Amino acid sequence: MKKVLSKKLKGNMVVMIIIFMLTFLVFCICAIDAGHTVTARYKVQKITETLALYMTSYLNSKPAEERTEAVLEPLKERFESLYSGTLSGYYNFKITDIKLKNETVEPRLKITVEANIPTIFLKYAGIGVIKIMQVSYAKAQTSDMTLIGSDTNSYTFESDDIITDKNGDDINVKYEGDYFIFAGIKGHDGEIFWSDLSYAADVKKEITLTLEGDEAYSLGCVGKDKDGRGFDFSKSDDKTIGFIKYVKIYKADCSDDLTPPEDVPDSGIKVGGETFTAPEVRVLNSVKLIKRSEF
């Protein structure tokens with residue numbers, strides 16, 4: 001009798017172990033695919049945010065009467081083609097909805113995307129893909145750069161975020177006097193690398209100088225402009241700035257003889273110039289992500 005019971009208990013234990021192993025295996029399979037889906041959802045959300053920022057910036061660079069969903073159609077097709085490839089890990093990436101608000105001044109954009117995420121193990125159970133949907137909101141705006149330093153000859157400004165090159169003017173400067181203007185970005189060692197921005201404006205006078213490590217080029221002395229002057233980072237083919245975070249303005253007098261800097265702009269320009277109220281520098285086409293309630 002005891003032997004029979006012992007055999008039954010052993011048999012039950014084997015069945016329970018098999019059930020437990022199968023359950024654990026199914027759990028692991030689901031957990032792996034769930035983790036894969038969560039990671040993919042995060043990546044698609046980042047892509048959606050990038051598209052929202054890019055499209056909003058592109059929209060804001062257009063005249064107010066051209067800010068329509070039709071203008072964004074080529075961008076929509078391009079990005080759908082880019083992210084629908086099998087190498088990206090997504091299938092049937094679609095921008096399913098684009099909504100615009102406040103198109104004439106500081107436009108806002110809502111973008112909705114869908115993507116099919118291929119499963120790893122669940123495909124053997126008949127679930128080949130998992131569809132996910134992500135939504136992002138963005139708005140364009142103008143913002144003031146912060147004055148972070150000044151001396152008798154110059155003013156240095158910093159933007160809260162990196163300013164990227166866009167269609168049309170990227171920054172606006174309002175100053176009552178003549179000036180030189182440079183755009184800068186900080187390198188890995190903390191040093192700011194400067195490039196001349198005066199090429200992007202009609203100038204009253206040019207001087208030739210050599211900055212350390214660069215060939216000589218003409219530096220423009222920007223004339224007085226009380227109403228503000230716009231600067232486009234890439235208006236000139238041979239002098240392109242992809243992105244900046246700093247702007248430096250040196251007081252000058254375009255009508256008198258100029259003493260060019262002997263080194264990089266940070267060494268100081270030894271020119272005079274009348275003292276006016278500090279210049280104002282505005283970012284004309286910055287974009288940021290916003291909450292649903294702000295749309």
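## A friendly note on this predicted model

1. **How far to trust it.** The chain has a mean pLDDT of 77, with 73% of its residues at 70 or more. Please keep in mind from the start that this is a predicted model. Which strand has the lowest confidence in the chain, and which the highest? The low end is strand β9 (residues 203–209), with a mean of 55, and the high end is strand β4 (residues 146–150), at 92.

2. **Two stretches to read with care.** Over residues 209–216, pLDDT stays under 50, and the model gives this stretch 15 contacts beyond four places in sequence. Residues 260–271 also stay under 50, and there the model has 31 contacts beyond four places in sequence. Where pLDDT is low, the predicted coordinates should not be read in detail. When you come to these two stretches in the viewer, please treat the contacts drawn there with that caution.

3. **The overall make-up.** Two helices and 13 strands form the secondary structure of the chain. Of its 295 residues, 39% are buried. Look also at how contacts are spread along the sequence: among those with a separation of 6 or more, 68% are between residues 24 or more positions apart.

4. **Strand β7 and its two partners.** Is strand β7 (residues 178–186) largely enclosed or largely open? Seven of its nine residues are buried, so β7 is largely enclosed by the rest of the structure. Strand β12 (residues 243–252) runs antiparallel to β7 and is joined to it by seven bridges. To find this pairing, start at phenylalanine 182, whose bridge partner in β12 is lysine 248. Strand β8 (residues 192–196) also pairs with β7 in the antiparallel sense, over five bridges. Here, lysine 186 of the pair stands opposite isoleucine 192 in β8. The hairpin of β7 and β8 has five residues between the strands, and in this hairpin glycine 190 takes a positive phi near 90 degrees.

5. **Strand β13 and its two partners.** Strand β13 (residues 280–289) pairs with strand β3 (residues 129–144) in the antiparallel sense, over six bridges. A good place to look is alanine 140, which stands opposite valine 287 in β13. Strand β6 (residues 171–175) is also antiparallel to β13, with four bridges between them. Within that pairing, lysine 174 has glutamate 280 as its bridge partner in β13, while isoleucine 171 has valine 283.

6. **The two faces of β6.** Which residues of β6 lie on its covered face, and which on its uncovered one? Ile171, Val173 and Tyr175 make up the covered face, whereas Asn172 and Lys174 make up the uncovered one. Try following the strand residue by residue and you can see the two faces alternate in this list.

7. **Two residues in the β1–β2 loop.** Asparagine 102 sits in the loop between β1 (91–101) and β2 (108–118). Its phi is near 55 degrees, a positive value in a residue other than glycine. With a relative accessibility of 40%, asparagine 102 counts as partly exposed. Glutamate 106 is found in the loop between β1 and β2 as well. Glutamate 106 has a positive phi of about 50 degrees, although it is not a glycine. Its relative accessible area is 27%, so glutamate 106 is partly exposed.

8. **A buried loop residue.** Leucine 122 belongs to the loop between β2 and β3. Is leucine 122 buried or exposed? It is buried: its relative accessible area is 18%, and the cut-off for buried is under 20%. Leucine 122 and isoleucine 32 are 90 residues apart along the chain, yet their C-alpha atoms are separated by 9.5 Å.

9. **The largest pocket.** The largest pocket has a volume of about 470 Å³. It is lined by 22 residues, and Ile162, Thr164, Lys166, Ser286 and Val287 are the closest to its centre. Which elements each supply at least two residues of the lining? They are α1 (2–60), β3, β5 (154–164) and β13. The largest share, six residues, comes from β5. Sorted by class, the lining of this pocket has seven nonpolar, nine polar and six charged residues. You have already met Val287 in point 5, where valine 287 in β13 stands opposite alanine 140.

How values were computed: Residues are numbered from 1 along each chain as its sequence is written. This is a predicted model: local features need pLDDT of at least 70, side-chain atom pairs count only at pLDDT 80 or more; totals for chains, interfaces and linings use all residues. Side-chain values use heavy atoms; hydrogens and water are left out. Buried means under 20% relative accessible area, exposed over 50%, partly exposed in between (1.4 Å probe, protein chains only). Two strands pair if DSSP finds at least two bridges between them. pLDDT is the predictor's confidence in each residue, from 0 to 100. Contact means heavy atoms within 4.5 Å. On a 1 Å grid over the protein atoms alone, a cavity is a set of points where a 1.4 Å probe fits but cannot get out, and a pocket is an open set with protein on both sides within 12 Å along at least five of seven lines; lining residues have an atom within 4 Å of a point. Grid points are joined across faces, edges and corners, and a volume is the space filled by probe spheres set on the points. Ala, Val, Leu, Ile, Met, Phe, Trp, Tyr, Cys and Pro count as nonpolar, Asp, Glu, Lys and Arg as charged, and the others, Gly among them, as polar.
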